[in-house]
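Got your viewer open and a mouse at hand? Load the model below and follow along, one selection at a time.

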Amino acid sequence: MRRGTFRDDTVDYAAVGATHAPDLMQYPPERSIPAEDSWRIGSGVERFQSAGESLLSWTAQRAAGLGVEDVRPAPGPAYAGVSFDAEGNPIAPSKRDVEPRYDAEGMPFVGPGMTLHLRGRVGGMRADAELRVISVTEETRRIGFVLGTVGGSVVSGEESFDLDWREDNDEVWFTVRAFDSPNSLLYRTVPALVKRRRRELFARYLRAISPLYATPL
């Protein structure tokens, strides 16, 4: 099991970790628009592990048409043992070294405290932002991470990506949650565009991670 988190004042929003709050949809951070969706993407340990490998190697972002650039590890020692439980409660920290991993192209896997730049287009509009990995979770039945905006985006806020391999029925579920606070004048004037942007992103993430997308159950 590995859990990691990184808290830093350089993110451009206050409610760090709020995507794991159970009442996010009812009580989102002030002036933000919440969103969440879950999809069953298969069953069994092999499906869970392969989806987890894809998730932690940035497949959701890259296959969604977003360029992952300038990936930099956290400065100093990595922190493990700190994250948020299923109810959104923080877990006490411990510190140890975490061996970095890389994909076949040399891209580092998701790691706590890492910063990166995303570039692309969503809904016909430019998507260009610096992000920080707030937390990473790798457990026997749960894999995921949280991304928070550092600056330069049309919205500020957070996204969480979680895979759950359920004990009761062996199913694997992919859940994405987010809250977005509009920064650009257009998004502040027309909040519906923020929701449309989020819906398109969710659909792209699902296509990237789920082989069942074309034939939803």
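Here is a tour that starts with the whole chain and then goes through a helix, the cores, some charged pairs and two polar spots.

**Before you click**

This is a predicted model, so keep the ground rules in mind: local features need pLDDT of at least 70, side-chain atom pairs count only at pLDDT 80 or more, and totals for chains, interfaces and linings use all residues. Residues are numbered from 1 along each chain as its sequence is written, and side-chain values use heavy atoms, with hydrogens and water left out.

**Stop 1: the whole chain**

Show it as a cartoon. You'll find four helices and 10 strands, where helices (H or I, at least four residues) and strands (E, at least two) are DSSP runs numbered from the N terminus. From the N terminus on, the order is β-β-α-α-β-β-β-β-β-β-β-β-α-α.

Now colour by accessibility. Of the 217 residues in the chain, 52% are buried; buried means under 20% relative accessible area, exposed over 50% and partly exposed in between (1.4 Å probe, protein chains only). As for contacts (heavy atoms within 4.5 Å), residues 24 or more positions apart account for 66% of those with a separation of 6 or more.

**Stop 2: helix α1**

Select residues 45-56. This is α1, with 12 residues, and it reaches 16 Å from its first C-alpha to its last, close to the 16 Å expected at 1.5 Å a residue. (That expected span is 1.5 Å times one less than the number of residues.)

Which residues of α1 are buried? Show R47, F48, A51, G52, L55 and L56 as sticks: those are the ones. Look down the axis of α1 and you'll see the buried residues fall within an arc of 145°, so they line one face of the helix. The arc is that of the directions from the helix axis to the C-beta atoms.

Step just past α1 to W58, which takes a positive phi of about 70°.

**Stop 3: the cores**

Keep W58 selected, and add I41, L116, F145, L163, F174 and Y205. Of the 39 residues in the largest nonpolar core, these seven, W58 included, touch the most other members. A nonpolar core here is a set of buried Ala, Val, Leu, Ile, Met, Phe, Trp, Tyr and Cys residues joined through side-chain atoms within 4.5 Å.

Zoom in on F145. Not counting residues up to four places away in sequence, F145 touches L55 and L56 from α1's buried set, along with W58, Q61, V110, S135, V136, E159, S160 and F161.

There's also a second, separate core of eight residues, including V11, V16, A18 and L24.

**Stop 4: charged pairs**

Side chains of opposite charge can pair when their charged atoms come close. A salt bridge is a side-chain nitrogen of Lys or Arg within 4 Å of a carboxyl oxygen of Asp or Glu, and by this rule the count comes to 13. Try these:

- E30 and R31: their side chains meet in a salt bridge at 3.1 Å, N to O, and both residues are exposed.
- R40 and E171: the closest N and O atoms of this salt bridge are 3.8 Å apart. R40 lies in strand β2 (residues 33-43) and E171 in strand β10, so the pair ties together parts that are 131 residues apart in sequence. R40 is partly exposed, at 30% relative accessibility.
- R62 and E105: this salt bridge is 3.6 Å, N to O. The pair links helix α2 (residues 59-62) to the loop between β5 (94-95) and β6 (115-122), 43 residues apart. R62 is partly exposed at 29%, whereas E105 is exposed at 70%.

Then select E69, R119 and D128, which are joined into one network by salt bridges that share partners.

**Stop 5: H117**

Stay with D128 and add H117, in strand β6. H117 is buried, with a relative accessible area of 19%. A polar contact of 2.4 Å joins the side chains of H117 and D128; a polar contact is a pair of N or O atoms within 3.5 Å, and within protein one must be able to donate a hydrogen and the other to accept it, while residues adjacent in sequence count only if both atoms are side-chain atoms. Leaving aside neighbours within four places in sequence, H117 is also in contact with residues including G67, V68 and E69.

**Stop 6: E158**

Is E158, in strand β9, buried or exposed? At 2% relative accessibility, E158 counts as buried. The side chains of E158 and Y13 share a polar contact of 2.6 Å. The backbone nitrogen of A18, a residue you met in the second core, lies 3.3 Å from a polar atom of the E158 side chain.
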